Amino acid sequence: MDELFVNHKTHKIDAKGRISIPADMRANLGQEFIASRGFGKCLALYPMDEWNRFMKEISTINQKKRKKLEFYFSANAEKMSLDGQGRLLLNENLRRQVGLLGQKEAEVFGNNRRIEIWNCDLFYEQLNGIDEEEVEDILDEYGI
């Protein structure tokens with residue numbers, strides 16, 4: 001993957017459950033990608049090379065923890081692609097899992113090596129719940 005995903009924007013979910021992925025994110029996402037449960041209550045879209053890297057890293061963890069992580073991510077994973085207009089079809093099961101069922105909009109968030117799709121209220125709750133001082137402390141702890 002050449003560039004990291006950045007930024008966030010609210011996008012409409014149409015009556016069929018489709019959502020547009022911003023044009024500047026599509027190229028790095030690729031023709032086929034993996035959609036899975038993300039961290040928190042969101043849907044994560046992984047370019048294929050990033051999904052493979054992520055699962056390979058998980059495979060290095062001890063068996064008990066690895067099994068739990070593999071189950072969490074793989075059982076909720078689906079190979080997907082965008083339609084000709086750059087839209088992703090979010091099936092009912094995926095929308096239900098991440099709090100998007102019945103929602104008219106979602107937040108599309110470029111989060112480093114993946115794209116996340118969030119219920120707008122949950123996204124802003126997470127974003128506004130971050131304490132700036134805590135962020136500074138974490139950066140200091142790791143010498144960043």
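Colleague: Strands here are DSSP runs of E with at least two residues, and they are numbered from the N terminus. Which strand does Glu-107 lie in?

Modeller: Glu-107 belongs to strand E7, which covers residues 105–111. Keep in mind that this is a predicted model.

Colleague: Is Glu-107 with or without a salt bridge?

Modeller: Without. Glu-107 is buried and has no salt bridge. The nearest side chain of opposite charge is Lys-9, and that is 9.6 Å away. A salt bridge needs the nitrogen and oxygen within 4 Å.

Colleague: Which side chain does Glu-107 join in a polar contact, then?

Modeller: That of His-8, in a polar contact of 2.8 Å. There is also a backbone atom to mention: the nitrogen of Lys-9 lies 3.4 Å from a polar atom of the Glu-107 side chain.

Colleague: New topic. How many salt bridges does a search of the whole structure find?

Modeller: Ten. One of them is between Glu-32 and Lys-79, at 3.9 Å from N to O. That pair links distant parts of the chain: Glu-32 is in strand E3 (residues 32–37) and Lys-79 is in strand E5 (residues 78–81), with their positions 47 residues apart in sequence.

Colleague: Is Glu-32 buried, exposed or partly exposed?

Modeller: Partly exposed, because its relative accessibility is 43%, and the partly exposed class runs between 20% and 50%.

Colleague: What about salt bridges in helices? How far apart are Arg-53 and Glu-50?

Modeller: Their closest N and O atoms are 2.3 Å apart, and they form a salt bridge. Both are in helix H2 (residues 48–58); they are three residues apart, so about one helical turn separates them.

Colleague: And how accessible are Arg-53 and Glu-50?

Modeller: Arg-53 has a relative accessible area of 30%, so it is partly exposed. Glu-50 has 4%, so it is buried.

Colleague: Where do Glu-70 and Arg-66 sit?

Modeller: In helix H3 (residues 63–74), four residues apart, so they too are separated by about one helical turn. Their side chains meet in a salt bridge of 3.9 Å, N to O. Glu-70 is partly exposed at 29% relative accessibility, and Arg-66 is partly exposed with a relative accessible area of 24%. Elsewhere, salt bridges that share partners join Glu-50, Arg-53, Glu-57 and Arg-113 into one network.

Colleague: Back to the surface. Which residues gather in the patch of negative charge?

Modeller: Asp-131, Glu-132, Glu-133, Glu-134, Glu-136, Asp-137, Asp-140 and Glu-141. Among them, Glu-133 is in helix H6, residues 132–141.

Colleague: Why does Glu-133 count as exposed?

Modeller: Because its relative accessible area is 56%, and exposed means over 50%.

Colleague: Is Asp-24 exposed or buried?

Modeller: Exposed, at 60% relative accessibility. Asp-24 lies in helix H1, residues 23–29. Its C-alpha atom is separated by 20 Å from that of Cys-42, which is 18 residues away along the chain.

Colleague: Last one. Where is Glu-116 found, and is it buried or exposed?

Modeller: Glu-116 is in strand E8, residues 114–118. At 2% relative accessibility it counts as buried, because buried means under 20%. Measuring C-alpha to C-alpha in the model, Glu-116 is 27 Å from Asn-62, and the two are 54 residues apart in sequence.

Notes. Residues are numbered from 1 along each chain as its sequence is written. This is a predicted model: local features need pLDDT of at least 70, side-chain atom pairs count only at pLDDT 80 or more; totals for chains, interfaces and linings use all residues. Side-chain values use heavy atoms; hydrogens and water are left out. Patches are made of residues with over 30% relative accessible area and no salt bridge: like charges are joined within 9 Å, nonpolar side chains (Val, Leu, Ile, Met, Phe, Trp, Tyr) within 5 Å. Accessible areas come from the Shrake-Rupley method with a 1.4 Å probe; for residues, only the protein chains shown count as cover. Lys and Arg count as positive and Asp and Glu as negative; His and the chain ends are not counted. The place of a charge is taken as NZ of Lys, CZ of Arg, CG of Asp or CD of Glu. Buried means under 20% relative accessible area, exposed over 50%, partly exposed in between (1.4 Å probe, protein chains only). A polar contact is a pair of N or O atoms within 3.5 Å; within protein, one must be able to donate a hydrogen and the other to accept it, and residues adjacent in sequence count only if both atoms are side-chain atoms.
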